[in-house]
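Me: I am new to this structure and would like a close look at a single part of it, the place where two helices pack against each other. Please take me through that part in one connected answer.

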Amino acid sequence: MGALPIAEFVSSASSASDSDRSAASDEDCLVDDGDGDLVADSRLVSSVRALLQGLGEDLSRNGLIKTPSRVANAFLSATKGYGLSAEQTIGGALFAEAGPGNGKGGGCGGMVVVRNIELFSTCESCLLPFKLCCHIAYIPSEQRVVGLSKLPRVAEIFAARLQSPDRLANEIGGALWDGFKPLGVAVVGETWHLECPRELRSSREPASWIRRSVCARKGSFEDDDRGSEDWQEFVAMLQLSGTGDAAAERSSSSHPNFETMVEAVVTLLRALGEDPTREELKLTPSRYVRWLLASTHGSRLSRDLILGNGVAAVEQDGDHHATMVAVLDLPFCSQCEHHLLPFSGVAHVGVLPAKNHPSSHPRASRAILEKIVKLYSCRLQVQERLTRQIADAVMSSTAASGVMVVVEAGHVCMISRGVKKTGSTTGTLATMGDFAVHGKKRAEFLQMIATANSSK
(Lines give C-alpha, C1' and ligand atoms only; values in the text may rest on other atoms or scores of the structure.)
Protein backbone atom coordinates (compact mmCIF):
# COMPACT_ATOMS: atom_id res chain seq x y z
CA MET A 1 0.00 0.00 0.00
CA GLY A 2 1.24 3.46 -0.80
CA ALA A 3 1.03 6.57 1.33
CA LEU A 4 -2.46 7.85 1.74
CA PRO A 5 -3.28 10.90 -0.42
CA ILE A 6 -4.02 13.98 1.64
CA ALA A 7 -7.22 14.58 -0.32
CA GLU A 8 -8.61 11.31 1.04
CA PHE A 9 -8.74 12.86 4.47
CA VAL A 10 -10.95 15.85 3.72
CA SER A 11 -13.53 15.62 6.47
CA SER A 12 -17.01 15.74 5.00
CA ALA A 13 -18.99 15.63 8.19
CA SER A 14 -19.70 18.77 10.13
CA SER A 15 -19.39 18.46 13.88
CA ALA A 16 -22.77 17.58 15.28
CA SER A 17 -23.97 19.52 18.28
CA ASP A 18 -24.67 17.49 21.38
CA SER A 19 -28.33 16.66 21.96
CA ASP A 20 -29.82 17.31 25.34
CA ARG A 21 -29.88 14.04 27.18
CA SER A 22 -31.73 13.19 30.35
CA ALA A 23 -29.33 10.56 31.64
CA ALA A 24 -30.60 8.43 34.50
CA SER A 25 -28.50 7.76 37.57
CA ASP A 26 -26.59 4.47 37.86
CA GLU A 27 -29.05 3.28 40.51
CA ASP A 28 -32.00 3.89 38.19
CA CYS A 29 -30.35 2.27 35.15
CA LEU A 30 -29.42 -1.02 36.80
CA VAL A 31 -31.65 -3.77 38.14
CA ASP A 32 -31.02 -7.36 39.22
CA ASP A 33 -31.86 -10.01 36.60
CA GLY A 34 -32.61 -12.62 39.26
CA ASP A 35 -29.20 -14.26 38.86
CA GLY A 36 -27.25 -11.63 40.77
CA ASP A 37 -26.12 -9.83 37.60
CA LEU A 38 -26.84 -6.16 37.16
CA VAL A 39 -28.57 -5.31 33.91
CA ALA A 40 -30.05 -2.25 32.27
CA ASP A 41 -33.42 -0.98 33.47
CA SER A 42 -36.66 -2.72 32.64
CA ARG A 43 -37.35 -0.56 29.58
CA LEU A 44 -34.25 -1.91 27.85
CA VAL A 45 -35.02 -5.51 28.77
CA SER A 46 -38.67 -5.15 27.73
CA SER A 47 -37.63 -3.64 24.39
CA VAL A 48 -35.39 -6.60 23.59
CA ARG A 49 -38.18 -8.99 24.62
CA ALA A 50 -40.55 -7.20 22.23
CA LEU A 51 -38.03 -7.56 19.39
CA LEU A 52 -37.64 -11.29 20.01
CA GLN A 53 -41.40 -11.76 20.20
CA GLY A 54 -41.76 -9.79 16.98
CA LEU A 55 -39.40 -12.29 15.35
CA GLY A 56 -41.74 -15.07 16.49
CA GLU A 57 -39.25 -16.49 19.00
CA ASP A 58 -40.12 -18.41 22.17
CA LEU A 59 -38.66 -16.43 25.07
CA SER A 60 -38.79 -19.48 27.32
CA ARG A 61 -36.39 -21.38 25.04
CA ASN A 62 -33.22 -22.20 26.95
CA GLY A 63 -30.89 -20.27 24.65
CA LEU A 64 -33.01 -17.11 24.86
CA ILE A 65 -33.83 -16.91 28.58
CA LYS A 66 -30.97 -14.51 29.34
CA THR A 67 -30.75 -12.90 25.91
CA PRO A 68 -32.85 -9.80 26.81
CA SER A 69 -30.61 -8.94 29.78
CA ARG A 70 -27.43 -9.71 27.81
CA VAL A 71 -28.43 -7.48 24.91
CA ALA A 72 -29.62 -4.72 27.24
CA ASN A 73 -26.31 -4.87 29.11
CA ALA A 74 -24.39 -4.75 25.83
CA PHE A 75 -26.23 -1.62 24.69
CA LEU A 76 -25.68 0.02 28.07
CA SER A 77 -21.97 -0.81 27.96
CA ALA A 78 -21.66 0.40 24.35
CA THR A 79 -23.06 3.82 25.33
CA LYS A 80 -21.38 4.35 28.70
CA GLY A 81 -19.31 7.18 27.20
CA TYR A 82 -22.25 9.58 27.61
CA GLY A 83 -21.58 9.69 31.33
CA LEU A 84 -17.86 10.40 30.94
CA SER A 85 -16.04 13.69 30.37
CA ALA A 86 -12.92 14.19 28.26
CA GLU A 87 -11.95 17.17 30.42
CA GLN A 88 -12.06 15.08 33.58
CA THR A 89 -10.14 12.27 31.85
CA ILE A 90 -7.30 14.60 30.85
CA GLY A 91 -7.41 16.21 34.31
CA GLY A 92 -4.04 17.45 35.45
CA ALA A 93 -2.00 15.12 33.24
CA LEU A 94 -0.13 18.02 31.62
CA PHE A 95 3.61 18.10 32.08
CA ALA A 96 6.30 20.66 31.37
CA GLU A 97 8.74 19.37 28.78
CA ALA A 98 11.40 21.89 27.78
CA GLY A 99 13.27 21.34 24.55
CA PRO A 100 15.53 23.19 22.15
CA GLY A 101 14.67 26.87 21.98
CA ASN A 102 14.02 26.67 18.25
CA GLY A 103 11.93 23.50 18.40
CA LYS A 104 8.28 23.25 17.45
CA GLY A 105 5.62 23.83 20.07
CA GLY A 106 7.55 26.52 21.92
CA GLY A 107 10.51 24.25 22.50
CA CYS A 108 8.75 20.93 23.21
CA GLY A 109 10.52 19.20 20.38
CA GLY A 110 7.76 18.73 17.83
CA MET A 111 4.88 16.46 16.98
CA VAL A 112 3.58 13.73 19.28
CA VAL A 113 1.87 10.77 17.60
CA VAL A 114 0.01 7.82 19.15
CA ARG A 115 -0.75 5.23 16.49
CA ASN A 116 -2.96 2.16 16.12
CA ILE A 117 -5.59 2.91 18.76
CA GLU A 118 -8.17 0.17 18.17
CA LEU A 119 -11.74 0.97 19.16
CA PHE A 120 -15.28 -0.28 18.70
CA SER A 121 -18.29 1.98 18.47
CA THR A 122 -21.99 1.60 17.64
CA CYS A 123 -23.35 3.06 14.42
CA GLU A 124 -26.20 5.46 15.13
CA SER A 125 -27.67 4.71 11.71
CA CYS A 126 -28.23 0.96 12.18
CA LEU A 127 -27.14 0.09 15.77
CA LEU A 128 -24.46 -2.31 14.49
CA PRO A 129 -20.86 -2.20 15.75
CA PHE A 130 -18.09 -0.68 13.65
CA LYS A 131 -14.35 -0.90 14.21
CA LEU A 132 -11.97 2.05 14.21
CA CYS A 133 -8.18 2.03 14.11
CA CYS A 134 -7.10 5.63 14.65
CA HIS A 135 -3.89 7.62 14.90
CA ILE A 136 -3.73 10.85 16.89
CA ALA A 137 -1.12 13.59 16.47
CA TYR A 138 -0.74 16.89 18.26
CA ILE A 139 1.74 19.76 18.39
CA PRO A 140 2.41 20.85 22.01
CA SER A 141 2.15 24.48 23.08
CA GLU A 142 3.78 26.41 25.93
CA GLN A 143 6.19 23.55 26.57
CA ARG A 144 3.37 21.32 27.84
CA VAL A 145 2.72 17.71 26.87
CA VAL A 146 -0.19 15.50 27.90
CA GLY A 147 0.17 11.99 29.32
CA LEU A 148 0.20 9.60 26.36
CA SER A 149 -2.37 7.24 27.88
CA LYS A 150 -4.89 10.08 27.93
CA LEU A 151 -5.18 10.14 24.13
CA PRO A 152 -6.64 6.63 23.73
CA ARG A 153 -8.76 7.13 26.86
CA VAL A 154 -10.38 10.24 25.38
CA ALA A 155 -10.94 8.31 22.14
CA GLU A 156 -12.65 5.52 24.10
CA ILE A 157 -15.08 7.99 25.69
CA PHE A 158 -16.45 9.09 22.33
CA ALA A 159 -16.38 5.58 20.86
CA ALA A 160 -18.70 4.46 23.68
CA ARG A 161 -21.61 6.45 22.24
CA LEU A 162 -23.92 6.13 19.26
CA GLN A 163 -21.72 7.48 16.49
CA SER A 164 -20.98 7.98 12.84
CA PRO A 165 -17.34 7.44 11.79
CA ASP A 166 -16.83 11.07 10.74
CA ARG A 167 -18.35 12.54 13.87
CA LEU A 168 -16.33 10.17 16.04
CA ALA A 169 -13.09 11.51 14.54
CA ASN A 170 -14.32 15.10 14.87
CA GLU A 171 -15.34 14.68 18.51
CA ILE A 172 -12.03 13.06 19.49
CA GLY A 173 -10.08 15.86 17.81
CA GLY A 174 -12.33 18.58 19.22
CA ALA A 175 -12.10 17.25 22.78
CA LEU A 176 -8.29 17.17 22.67
CA TRP A 177 -8.18 20.65 21.09
CA ASP A 178 -10.40 22.09 23.84
CA GLY A 179 -8.88 19.98 26.60
CA PHE A 180 -5.26 21.15 26.66
CA LYS A 181 -4.96 23.80 23.91
CA PRO A 182 -2.19 22.38 21.68
CA LEU A 183 -1.04 24.21 18.55
CA GLY A 184 -2.71 21.56 16.40
CA VAL A 185 -4.52 18.21 16.57
CA ALA A 186 -5.13 15.63 13.85
CA VAL A 187 -7.09 12.38 14.04
CA VAL A 188 -6.84 9.92 11.18
CA GLY A 189 -8.51 6.55 11.13
CA GLU A 190 -9.77 3.60 9.17
CA THR A 191 -13.24 2.31 9.99
CA TRP A 192 -14.76 -1.07 9.18
CA HIS A 193 -18.54 -1.30 9.24
CA LEU A 194 -20.21 -4.70 9.20
CA GLU A 195 -21.89 -5.29 5.85
CA CYS A 196 -25.64 -5.83 5.77
CA PRO A 197 -26.77 -9.47 5.63
CA ARG A 198 -26.72 -10.92 2.14
CA GLU A 199 -28.74 -14.07 2.62
CA LEU A 200 -31.51 -12.76 0.39
CA ARG A 201 -29.09 -12.26 -2.47
CA SER A 202 -27.06 -14.76 -4.45
CA SER A 203 -23.43 -14.61 -3.37
CA ARG A 204 -20.55 -16.97 -2.72
CA GLU A 205 -18.60 -14.43 -0.72
CA PRO A 206 -18.87 -14.35 3.08
CA ALA A 207 -20.17 -11.24 4.80
CA SER A 208 -17.40 -8.68 5.14
CA TRP A 209 -16.53 -5.34 6.69
CA ILE A 210 -16.88 -2.19 4.59
CA ARG A 211 -13.75 -0.07 4.99
CA ARG A 212 -13.35 3.69 4.68
CA SER A 213 -11.08 6.46 5.97
CA VAL A 214 -11.95 9.39 8.23
CA CYS A 215 -10.07 12.38 9.53
CA ALA A 216 -10.37 15.53 11.64
CA ARG A 217 -7.90 18.44 11.81
CA LYS A 218 -7.51 21.42 14.12
CA GLY A 219 -5.07 24.33 14.35
CA SER A 220 -1.75 23.94 12.54
CA PHE A 221 -3.02 20.83 10.73
CA GLU A 222 -5.87 22.81 9.16
CA ASP A 223 -4.07 24.57 6.31
CA ASP A 224 -6.58 25.32 3.55
CA ASP A 225 -4.14 24.62 0.74
CA ARG A 226 -3.13 21.35 2.44
CA GLY A 227 0.46 22.45 2.25
CA SER A 228 0.98 22.48 5.99
CA GLU A 229 4.32 20.97 6.95
CA ASP A 230 2.72 19.49 10.06
CA TRP A 231 0.03 17.74 8.02
CA GLN A 232 2.48 16.45 5.42
CA GLU A 233 4.74 15.15 8.18
CA PHE A 234 1.85 13.32 9.83
CA VAL A 235 0.50 11.83 6.58
CA ALA A 236 3.97 10.59 5.66
CA MET A 237 3.88 8.36 8.75
CA LEU A 238 0.67 6.64 7.77
CA GLN A 239 -0.07 3.81 5.39
CA LEU A 240 -3.83 3.83 5.10
CA SER A 241 -6.36 3.39 2.33
CA GLY A 242 -9.96 2.41 2.05
CA THR A 243 -13.29 3.21 0.55
CA GLY A 244 -16.67 1.65 0.01
CA ASP A 245 -20.35 2.06 0.63
CA ALA A 246 -22.60 -0.15 2.71
CA ALA A 247 -24.85 -2.54 0.89
CA ALA A 248 -28.42 -1.40 0.25
CA GLU A 249 -31.01 -2.44 2.80
CA ARG A 250 -33.91 -4.66 1.89
CA SER A 251 -37.31 -3.44 3.00
CA SER A 252 -39.19 -5.67 5.46
CA SER A 253 -41.90 -3.18 6.40
CA SER A 254 -44.63 -5.63 5.32
CA HIS A 255 -43.84 -7.93 8.28
CA PRO A 256 -46.89 -8.04 10.62
CA ASN A 257 -44.79 -7.14 13.68
CA PHE A 258 -42.74 -4.43 11.98
CA GLU A 259 -44.33 -1.37 13.65
CA THR A 260 -44.35 -3.01 17.10
CA MET A 261 -40.66 -3.84 16.76
CA VAL A 262 -39.84 -0.30 15.60
CA GLU A 263 -41.57 1.07 18.72
CA ALA A 264 -39.49 -1.32 20.84
CA VAL A 265 -36.28 0.13 19.38
CA VAL A 266 -37.56 3.68 20.01
CA THR A 267 -38.12 2.72 23.66
CA LEU A 268 -34.65 1.15 23.79
CA LEU A 269 -33.05 4.38 22.52
CA ARG A 270 -34.93 6.46 25.08
CA ALA A 271 -33.84 4.07 27.85
CA LEU A 272 -30.23 4.67 26.77
CA GLY A 273 -30.79 8.40 27.27
CA GLU A 274 -30.95 9.16 23.53
CA ASP A 275 -33.47 11.30 21.68
CA PRO A 276 -35.08 9.17 18.93
CA THR A 277 -36.26 12.35 17.19
CA ARG A 278 -32.67 13.52 16.65
CA GLU A 279 -32.11 13.82 12.92
CA GLU A 280 -29.43 11.12 12.80
CA LEU A 281 -31.63 8.66 14.73
CA LYS A 282 -35.00 9.16 13.03
CA LEU A 283 -34.59 6.18 10.68
CA THR A 284 -32.44 4.05 12.99
CA PRO A 285 -35.30 2.01 14.55
CA SER A 286 -36.69 0.93 11.17
CA ARG A 287 -33.19 0.14 9.84
CA TYR A 288 -32.38 -2.01 12.86
CA VAL A 289 -35.68 -3.91 12.61
CA ARG A 290 -35.20 -4.52 8.88
CA TRP A 291 -31.75 -5.86 9.62
CA LEU A 292 -33.11 -8.22 12.31
CA LEU A 293 -35.89 -9.48 10.04
CA ALA A 294 -33.58 -9.99 7.05
CA SER A 295 -30.98 -11.83 9.11
CA THR A 296 -33.52 -14.23 10.64
CA HIS A 297 -35.78 -14.94 7.66
CA GLY A 298 -34.62 -18.58 7.51
CA SER A 299 -36.64 -19.38 10.64
CA ARG A 300 -39.80 -18.49 8.71
CA LEU A 301 -39.06 -20.84 5.78
CA SER A 302 -39.78 -24.54 5.33
CA ARG A 303 -36.93 -26.93 4.53
CA ASP A 304 -39.13 -28.89 2.13
CA LEU A 305 -40.05 -25.65 0.34
CA ILE A 306 -36.38 -24.75 -0.12
CA LEU A 307 -34.91 -28.19 -0.87
CA GLY A 308 -37.87 -30.21 -2.16
CA ASN A 309 -38.39 -33.84 -1.16
CA GLY A 310 -36.09 -35.64 -3.58
CA VAL A 311 -32.46 -36.70 -3.39
CA ALA A 312 -30.12 -33.89 -4.39
CA ALA A 313 -28.93 -33.77 -7.96
CA VAL A 314 -25.58 -35.20 -9.05
CA GLU A 315 -23.27 -32.53 -10.44
CA GLN A 316 -19.60 -32.11 -11.20
CA ASP A 317 -18.75 -29.33 -8.75
CA GLY A 318 -16.84 -30.05 -5.55
CA ASP A 319 -13.45 -31.62 -4.99
CA HIS A 320 -12.95 -35.35 -5.63
CA HIS A 321 -10.78 -37.25 -3.20
CA ALA A 322 -11.14 -41.03 -3.67
CA THR A 323 -14.72 -41.84 -2.64
CA MET A 324 -15.13 -38.62 -0.66
CA VAL A 325 -16.67 -35.46 -2.07
CA ALA A 326 -15.87 -32.10 -0.45
CA VAL A 327 -17.57 -28.76 -1.07
CA LEU A 328 -15.58 -26.05 0.71
CA ASP A 329 -16.00 -22.37 1.58
CA LEU A 330 -19.78 -22.07 1.65
CA PRO A 331 -20.29 -18.53 3.03
CA PHE A 332 -22.83 -17.60 5.69
CA CYS A 333 -23.82 -14.85 8.11
CA SER A 334 -25.87 -15.79 11.17
CA GLN A 335 -27.16 -14.17 14.36
CA CYS A 336 -25.87 -15.10 17.81
CA GLU A 337 -29.01 -15.76 19.84
CA HIS A 338 -27.22 -14.84 23.07
CA HIS A 339 -26.25 -11.29 22.05
CA LEU A 340 -28.21 -10.47 18.85
CA LEU A 341 -24.92 -9.77 17.07
CA PRO A 342 -23.71 -11.41 13.85
CA PHE A 343 -21.21 -14.18 13.38
CA SER A 344 -20.04 -15.02 9.89
CA GLY A 345 -17.65 -17.31 8.09
CA VAL A 346 -17.66 -20.42 5.93
CA ALA A 347 -18.93 -23.99 6.13
CA HIS A 348 -17.11 -27.00 4.64
CA VAL A 349 -19.15 -30.09 3.81
CA GLY A 350 -17.75 -33.57 3.20
CA VAL A 351 -19.96 -36.35 1.80
CA LEU A 352 -19.33 -40.10 1.59
CA PRO A 353 -21.62 -41.44 -1.19
CA ALA A 354 -23.74 -44.48 -0.45
CA LYS A 355 -22.13 -47.57 -2.01
CA ASN A 356 -25.41 -48.94 -3.37
CA HIS A 357 -26.36 -45.71 -5.15
CA PRO A 358 -26.70 -46.19 -8.94
CA SER A 359 -24.32 -43.32 -9.68
CA SER A 360 -20.60 -43.74 -9.12
CA HIS A 361 -20.31 -40.30 -7.49
CA PRO A 362 -23.73 -39.27 -6.14
CA ARG A 363 -23.60 -36.06 -4.17
CA ALA A 364 -25.37 -32.79 -3.53
CA SER A 365 -24.58 -29.94 -5.85
CA ARG A 366 -22.95 -26.83 -4.46
CA ALA A 367 -26.19 -24.96 -5.10
CA ILE A 368 -28.13 -27.37 -2.85
CA LEU A 369 -25.53 -27.12 -0.09
CA GLU A 370 -25.56 -23.30 -0.29
CA LYS A 371 -29.33 -23.37 0.22
CA ILE A 372 -28.99 -25.64 3.25
CA VAL A 373 -26.30 -23.42 4.83
CA LYS A 374 -28.36 -20.26 4.23
CA LEU A 375 -31.57 -21.85 5.52
CA TYR A 376 -30.06 -22.70 8.91
CA SER A 377 -27.70 -19.74 9.29
CA CYS A 378 -30.34 -17.09 8.59
CA ARG A 379 -31.91 -17.26 12.05
CA LEU A 380 -31.03 -16.85 15.72
CA GLN A 381 -28.32 -19.45 16.22
CA VAL A 382 -25.35 -20.77 18.10
CA GLN A 383 -22.49 -22.10 16.00
CA GLU A 384 -22.61 -25.59 17.51
CA ARG A 385 -26.28 -26.04 16.62
CA LEU A 386 -25.77 -24.54 13.14
CA THR A 387 -23.05 -27.10 12.41
CA ARG A 388 -25.21 -29.99 13.58
CA GLN A 389 -28.29 -28.80 11.65
CA ILE A 390 -26.35 -28.49 8.40
CA ALA A 391 -24.98 -32.02 8.81
CA ASP A 392 -28.43 -33.44 9.57
CA ALA A 393 -30.04 -31.68 6.58
CA VAL A 394 -27.32 -32.85 4.17
CA MET A 395 -27.54 -36.41 5.48
CA SER A 396 -31.32 -36.55 5.13
CA SER A 397 -31.46 -34.75 1.78
CA THR A 398 -28.74 -36.59 -0.13
CA ALA A 399 -27.67 -40.12 -1.03
CA ALA A 400 -24.84 -40.30 1.47
CA SER A 401 -23.43 -42.88 3.85
CA GLY A 402 -21.68 -40.22 5.88
CA VAL A 403 -21.54 -36.44 6.28
CA MET A 404 -19.00 -34.21 7.99
CA VAL A 405 -19.40 -30.46 8.45
CA VAL A 406 -16.79 -27.99 9.66
CA VAL A 407 -17.82 -24.39 10.33
CA GLU A 408 -15.26 -21.60 10.77
CA ALA A 409 -16.54 -18.23 11.97
CA GLY A 410 -15.71 -14.93 13.58
CA HIS A 411 -18.14 -13.65 16.22
CA VAL A 412 -18.82 -9.92 16.54
CA CYS A 413 -19.85 -10.48 20.18
CA MET A 414 -16.28 -11.69 20.88
CA ILE A 415 -14.55 -8.73 19.23
CA SER A 416 -16.82 -5.75 19.93
CA ARG A 417 -17.69 -6.43 23.58
CA GLY A 418 -16.67 -8.66 26.48
CA VAL A 419 -13.29 -10.28 25.83
CA LYS A 420 -12.70 -8.11 22.71
CA LYS A 421 -10.46 -10.67 20.97
CA THR A 422 -10.18 -9.07 17.53
CA GLY A 423 -8.23 -11.92 15.94
CA SER A 424 -10.22 -14.78 17.43
CA THR A 425 -12.16 -17.27 15.28
CA THR A 426 -14.17 -20.35 16.22
CA GLY A 427 -14.29 -23.79 14.61
CA THR A 428 -16.97 -26.44 15.14
CA LEU A 429 -17.36 -29.95 13.73
CA ALA A 430 -20.24 -32.40 13.29
CA THR A 431 -20.14 -35.94 11.88
CA MET A 432 -22.85 -38.42 10.89
CA GLY A 433 -22.91 -41.94 9.49
CA ASP A 434 -19.60 -43.42 8.32
CA PHE A 435 -17.70 -40.26 9.18
CA ALA A 436 -18.62 -40.75 12.85
CA VAL A 437 -16.95 -44.16 13.02
CA HIS A 438 -13.92 -43.74 10.72
CA GLY A 439 -11.22 -41.52 12.18
CA LYS A 440 -9.10 -41.74 9.01
CA LYS A 441 -11.92 -40.29 6.92
CA ARG A 442 -12.28 -37.38 9.37
CA ALA A 443 -8.54 -36.72 9.28
CA GLU A 444 -8.59 -36.89 5.48
CA PHE A 445 -11.35 -34.28 5.23
CA LEU A 446 -9.67 -31.95 7.74
CA GLN A 447 -6.44 -32.18 5.73
CA MET A 448 -8.33 -31.22 2.58
CA ILE A 449 -9.61 -28.07 4.33
CA ALA A 450 -6.12 -27.22 5.64
CA THR A 451 -4.61 -27.64 2.17
CA ALA A 452 -7.28 -25.42 0.62
CA ASN A 453 -6.80 -22.74 3.31
CA SER A 454 -3.02 -22.73 2.88
CA SER A 455 -3.35 -22.09 -0.85
CA LYS A 456 -5.51 -18.96 -0.40
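Reply: What follows is a description of one helix pair.

This is a predicted model, in which local features need pLDDT of at least 70 and side-chain atom pairs count only at pLDDT 80 or more, while totals for chains, interfaces and linings use all residues. Residues are numbered from 1 along each chain as its sequence is written, and side-chain values use heavy atoms, with hydrogens and water left out.

Two packed helices are described by the angle between their axes and the distance between the axes. Here the pair is helix H6, residues 150-159, and helix H7, residues 165-180; helices are DSSP runs of H or I with at least four residues, numbered from the N terminus. Their axes come within 9 Å and cross at roughly 135 degrees, where axes are lines fitted to C-alpha atoms over the stretch in contact and angles run from 0 to 180 degrees between N-to-C directions. H6 and H7 are therefore oblique to each other, a term for angles that are not under 35 degrees (roughly parallel), over 145 (roughly antiparallel) or 65 to 115 (roughly perpendicular).

On the H6 side, the contact (heavy atoms within 4.5 Å) is made by Leu-151, Val-154, Ala-155, Phe-158 and Ala-159, and these meet Leu-168, Glu-171, Ile-172, Ala-175 and Leu-176 of H7. By class, the contact of H6 with H7 has nine nonpolar, no polar and one charged residues, with Ala, Val, Leu, Ile, Met, Phe, Trp, Tyr, Cys and Pro counted as nonpolar, Asp, Glu, Lys and Arg as charged, and the others, Gly among them, as polar.

As for disulfides (pairs of cysteine sulfur atoms within 2.5 Å), a search of the whole structure finds zero.

Methods: Helices (H or I, at least four residues) and strands (E, at least two) are DSSP runs, numbered from the N terminus.
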